[in-house]
Structure formats: structure tokens, C-alpha cells
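User: I should like to learn how to read a structural model feature by feature. Please begin with a single residue and then proceed to helices and pockets.

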Amino acid sequence: MTKKANKYHLKLDLVSLASGETPEEEKSIEVDFDNHDEIFKIIEVLKEKDLFEEKGQSVEFAIGLKLFSEVMIKNRNNPLFEEFAPAFRDFMKKLKSS
């Protein structure tokens with residue numbers, strides 16, 4: 001039986017370079033992905049927790065965390081995550097309790 005998941009579409013555009021120069025070519029990537037969590041709800045919760053100095057970082061953090069954690073969950077038997085998984089579980093518990 002397949003678990004139900006929320007479906008998302010993400011588009012990322014390179015707007016400007018750190019050097020201040022305009023990129024020579026437009027760079028953009030789009031990805032469709034599934035996630036067991038409702039990411040917009042998590043974004044709102046993290047905004048309310050006000051964990052970071054810059055307001056927009058809650059959105060960046062939520063999106064990055066949910067993309068990363070879902071890949072890790074889907075690949076839980078991958079040796080790449082073997083040592084990291086226990087620390088990540090502790091991190092998530094700390095985040096949820098803050």
C-alpha cells in the first residue's frame with residue numbers, strides 16, 4: 001500500500017550573482033516532489049516561533065529541512081545517512097520542543 005503524500009512544485013531561479021554581476025544565462029530549475037508533511041503549515045509554525053534573526057530565514061529553513069528530511073526518510077537504509085540519522089532525530093525533537 002502506498003502512503004498518501006502532499007504534492008508540490010518548486011521553481012528556483014538564479015536572480016543575481018554574489019559578485020553583483022548579471023548571470024550570463026538564465027538559470028532555472030523546477031522540481032515536482034512529494035512530502036508527507038504540509039509544508040506551508042510548517043512554514044507558518046516556524047514563522048511564529050521566530051527562531052532566526054532574519055524573518056525570511058524561517059521559510060528558507062522550512063523548505064530546506066523538509067526537502068532534505070523527506071529524501072533521508074525515503075532512503076533511510078542508505079549508508080550515507082547511517083551516522084547522521086540519530087543526530088537528526090535529536091535535532092528534530094529539539095526543534096519541535098522549541
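Analyst: Let us begin with Asn35, which is placed in strand S2. Please keep in mind that this is a predicted model.

User: Is Asn35 buried or exposed?

Analyst: The relative accessible area decides this, and a residue counts as buried under 20%. Asn35 has a value of 0%, so it is buried.

User: Which residues does Asn35 touch, once its neighbours in sequence are set aside?

Analyst: Not counting residues up to four places away in sequence, Asn35 touches Ala5, Asn6, Tyr8, Lys66 and Glu70. With Lys66 there is also a polar approach: a polar atom of the Asn35 side chain lies 3.1 Å from the backbone oxygen of Lys66.

User: Where does Lys66 lie, and how accessible is it?

Analyst: Lys66 lies in helix H2. Its relative accessibility is 5%, so Lys66 counts as buried. The side chain of Lys66 makes a polar contact with the side chain of Ser69, at 3.4 Å. Leaving aside neighbours within four places in sequence, Lys66 is in contact with Asn35, His36, Asp37, Ile39 and Ile42.

User: How should one read a helix, taking H1 as the case? Which of its residues are buried?

Analyst: One asks which residues are buried and in which direction they point from the axis. In H1, which covers residues 39-49, the residues Ile39, Ile43 and Leu46 are buried. Seen down the axis of H1, the buried residues fall within an arc of 70 degrees, so they line one face of the helix. On the other side of H1, Phe40, Lys41 and Glu48 are exposed.

User: Against which elements do the buried residues of H1 pack?

Analyst: They pack against strand S1 (6-13), S2, H2 and H3.

User: What is found at the N-terminal end of H1, and what follows the helix?

Analyst: Glu38 caps the N-terminal end of H1, with a side-chain oxygen 3.0 Å from the backbone nitrogen of Phe40. H1 is followed by Asp50, whose phi is positive.

User: Why does a positive phi deserve attention?

Analyst: Most residues other than glycine have a negative phi. In Asp50, which is not glycine, phi is near 50 degrees. Asp50 is placed in the loop between H1 and H2. With 42% relative accessibility, Asp50 counts as partly exposed.

User: What else can be read from the loops? Which residues there are exposed?

Analyst: Two examples will serve. Glu53 is in the loop between H1 and H2, and its relative accessibility of 82% makes it count as exposed. Glu26 is in the loop between S1 and S2 and is likewise exposed, with a relative accessible area of 81%.

User: How does separation in sequence relate to separation in space for these two residues?

Analyst: The two separations are read side by side, from C-alpha to C-alpha in space. Glu26 and Leu14 are 12 residues apart in sequence and 6.9 Å apart in space. Glu53 and Lys93 are 40 residues apart in sequence and 21 Å apart in space.

User: Let us turn to pockets. What is the volume of the largest pocket, and how many residues line it?

Analyst: A pocket is described by its volume, its lining and the elements that supply that lining. The largest pocket has a volume of about 540 Å³ and is lined by 21 residues. Lys66, Ser69, Phe88, Met92 and Lys96 lie nearest its centre.

User: Which helices supply the lining of the largest pocket, and what is its chemical character?

Analyst: Helices H1, H2 (57-74) and H3 (84-97) each supply at least two residues. H3 gives the most, with seven residues. By class, the lining holds 11 nonpolar, two polar and eight charged residues.

User: Which residues line the second largest pocket?

Analyst: Its lining consists of Lys3, Lys4, Ala5, Asp34, Asn35, His36, Glu70, Ile73, Lys74 and Arg76. Strand S2 (28-35) and H2 are the elements that give two or more residues to this lining, and H2 gives the most, with three. The volume of the second largest pocket is about 220 Å³. Its lining residues divide into two nonpolar, two polar and six charged.

Methods
Residues are numbered from 1 along each chain as its sequence is written. This is a predicted model: local features need pLDDT of at least 70, side-chain atom pairs count only at pLDDT 80 or more; totals for chains, interfaces and linings use all residues. Side-chain values use heavy atoms; hydrogens and water are left out. On a 1 Å grid over the protein atoms alone, a cavity is a set of points where a 1.4 Å probe fits but cannot get out, and a pocket is an open set with protein on both sides within 12 Å along at least five of seven lines; lining residues have an atom within 4 Å of a point. Grid points are joined across faces, edges and corners, and a volume is the space filled by probe spheres set on the points. Helices (H or I, at least four residues) and strands (E, at least two) are DSSP runs, numbered from the N terminus. Ala, Val, Leu, Ile, Met, Phe, Trp, Tyr, Cys and Pro count as nonpolar, Asp, Glu, Lys and Arg as charged, and the others, Gly among them, as polar. Buried means under 20% relative accessible area, exposed over 50%, partly exposed in between (1.4 Å probe, protein chains only). The arc is that of the directions from the helix axis to the C-beta atoms. Contact means heavy atoms within 4.5 Å. A polar contact is a pair of N or O atoms within 3.5 Å; within protein, one must be able to donate a hydrogen and the other to accept it, and residues adjacent in sequence count only if both atoms are side-chain atoms.
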